[in-house]
Amino acid sequence: MQHASVMARLLRRQAELRKRITSACSCFRGAFFTLWLVVFLSIFLWQRSFIVSLSSPHVRRSFPVLRRHVFNLTDFGAVGDGKTLNTRAFEKAMAAIAAIAEDGGGQLNVEAGLWLTAPFNVTSHMTLFLAEEAVILAIQDESFWPVMPALPSYGRGRELPGHRYGSLIHGQHLQDVVITGYNGTIDGQGWTWWEKQAAKKLQYTRGALIHFMWCDSIEISDLTLQNSPFWTVHPYDCTNVTVRGVTILNPVKSSNTDGIDPDSCENVVVENCYISVGDDCVAIKSGWDHYGVAYGRPSRNILIRNITAHSPVSAGVSIGSEMSGGVTNITIEDLFVWGSKRGVRIKTSRGRGGYVSQVMYKNLTFDTVRVGIVIKTDYGDHPDDKYDLMALPLVENITYHGVHGRNVRIPVRIYGSPEIPVRNVEFQDLDVGVTNKKKHIFQCSYVHGRVIGKIYPRPCESLDIFDENGLKIHVATPMNHSQT
């Protein structure tokens, strides 16, 4: 009996233990399920909020207040549907800002949208500010584009004799003009212009996208400029010009669509830009033959820095060929040229007159460029047959410090002539990888100058060579030696 009583108690304890274990397991499973459910719901809600955020409209930045008086383009009846012509709205806005010029001028905000317009003139003491998704569209019908006299330093249109078309955005005799934004876009819609020019169906030289004449204190910044009919940014006889943080995109096959062309300008800064165009990315000019000589306005005190340039048909940065008023005190630094026909180039010819002097190139990088450094003294056409054959340009005091690259077919090609020798050229720290090891990849004729330190490829014989301590270790052959 006692044994049976003990067994009964053991059985009851086992049953109670199993009941407790079962109860504990049930509680654990419940807690685990609850935790899993909380995690699942959290992930679900996070994913849902993330998807909603992607599909929700982009939060647009508000316009900064940069002038005392601020207007919106829509205040003047503009419609940003890409179809309505808004020229009158721009004209009314400019008149309103001009009326308050003595009170600090005004700011015109262009909201997100497609704003079709014919060419219009801006005014002094104003800021044109484009929102991130704002696009100013140029009308393509050339009958809406004004016809203007030829530039006095050119004597005729650059492409055709006679007059020229005006620009989309134009200004003359202005002060204190800013065109900027949150990387909004000005689109020249140049396709019809390019096609008609190629088919010789235009009566006048094409117009620029942005053109300022005889202006002071101009800034163009933080924008995308694209599809220009002709030269994209063309300041003419202006002072204190800044082009900063601009992207310029013109198709390779759009002929003569230069990026930025300072022309007879003084005190210019072009910096932090990306340029891919159908001609020179930057071209410094100062008039054409005897017209430029007579006008007599040099381009000087110009700084070009931190530019990425791409031009399969032309050069990263050029000087000329229209340089008859003179070009001096130029610095080009921190330049990256890729996939281009030329890296940096100076171009002129007999009949140009003028001079190119005091030009400093620093920290140039070439990647897949046909010819890296070019000076050519028989380049370009003439406006008419009135040019003076005895007007010989001077090309002198040109310095190249820190030139590097890869996949360059010919690193240096400097061709002077008996009439137009290239004088006082200096190279230092040049190391350019070439596409092949053929001879004569450093080409010179009628050049005088020096090399300081070791450079690659080996320089031509017509240059003096100095070591790093300034000791001459090679005496140049006569100046007319040609190495091709």
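A residue counts as buried when its relative accessible area is under 20%, as exposed when that area is over 50%, and as partly exposed in between. In this predicted model, Asn227 has a relative accessibility of 11% and therefore counts as buried. The same cut-off can be applied to the chain as a whole: of its 484 residues, 51% count as buried.

The secondary structure of the protein chain comes to four helices and 31 strands. Contacts between residues with a separation of 6 or more are mostly long-range in sequence, since 75% of them join residues 24 or more positions apart. Confidence averages a pLDDT of 90 over the chain, and 87% of the residues score at least 70.

Two stretches fall well outside that average. Over residues 36–41 pLDDT stays under 50, and the model gives this stretch zero contacts beyond four places in sequence. Residues 43–56 also have pLDDT under 50 throughout, again with zero contacts beyond four places in sequence. Where pLDDT is low, the predicted coordinates should not be read in detail.

Asn227 is a useful place to begin a closer reading. Asn227 sits in the loop that runs between β15 (223–226) and β16 (233–236). Once neighbours within four places in sequence are set aside, its contacts include Asp187, Gly188, Gln189, Gly190, Trp191 and Trp194. Leu249, Asn250 and Pro251 are also in contact with Asn227.

Ser254 belongs to another loop, the one between β18 (247–249) and β19 (266–276). In sequence Ser254 and Asn227 are 27 residues apart, while their C-alpha atoms are 8.2 Å apart in space. Ser254 has 0% relative accessibility and so counts as buried. Beyond four places in sequence, Ser254 is in contact with Trp194 and Gly278. Trp194 is also among the residues in contact with Asn227. Pro251, another of the residues that Asn227 contacts, has its backbone oxygen 2.4 Å from a polar atom of the Ser254 side chain.

A further buried serine is found later in the chain. Ser417 lies in the loop between β25 (394–415) and β26. With a relative accessible area of 14%, Ser417 is buried. The side chain of Ser417 reaches the backbone nitrogen of Ile420 at 2.9 Å. If residues up to four places away in sequence are not counted, Ser417 touches Thr377 and Tyr446.

Backbone geometry gives some further points to check. Asn272 has a phi near 55 degrees, a positive value in a residue other than glycine. Asn272 is placed in strand β19, the strand that follows the loop of Ser254. At 38% relative accessibility, Asn272 counts as partly exposed. Asn424 likewise has a positive phi, of about 55 degrees, although it is not a glycine. This asparagine is placed in strand β26, which covers residues 422–434. Its relative accessibility is 25%, so Asn424 counts as partly exposed.

Cis peptide bonds are the next item. The bond from Gly320 to Ser321 is cis, with omega near 5 degrees. Ser321 lies in the loop between β22 (315–319) and β23 (327–347). The bond from Tyr456 to Pro457 is also cis, with omega near 5 degrees. Pro457 is located in the loop between β28 (447–452) and β29 (463–466).

The remaining topic is enclosed space. Rolling a probe the size of a water molecule over the atoms shows where empty space is left. How many cavities of 30 Å³ or more does a search of the whole structure find? The search finds one. The largest cavity holds about 140 Å³ of space. Its lining consists of 15 residues, and those that lie nearest the centre are Leu151, Arg164, Phe230, Trp231 and His234. By residue class, the lining divides into six nonpolar, five polar and four charged residues.

Key: Residues are numbered from 1 along each chain as its sequence is written. This is a predicted model: local features need pLDDT of at least 70, side-chain atom pairs count only at pLDDT 80 or more; totals for chains, interfaces and linings use all residues. Side-chain values use heavy atoms; hydrogens and water are left out. On a 1 Å grid over the protein atoms alone, a cavity is a set of points where a 1.4 Å probe fits but cannot get out, and a pocket is an open set with protein on both sides within 12 Å along at least five of seven lines; lining residues have an atom within 4 Å of a point. Grid points are joined across faces, edges and corners, and a volume is the space filled by probe spheres set on the points. Ala, Val, Leu, Ile, Met, Phe, Trp, Tyr, Cys and Pro count as nonpolar, Asp, Glu, Lys and Arg as charged, and the others, Gly among them, as polar. pLDDT is the predictor's confidence in each residue, from 0 to 100. Contact means heavy atoms within 4.5 Å. Helices (H or I, at least four residues) and strands (E, at least two) are DSSP runs, numbered from the N terminus. Buried means under 20% relative accessible area, exposed over 50%, partly exposed in between (1.4 Å probe, protein chains only). A polar contact is a pair of N or O atoms within 3.5 Å; within protein, one must be able to donate a hydrogen and the other to accept it, and residues adjacent in sequence count only if both atoms are side-chain atoms.
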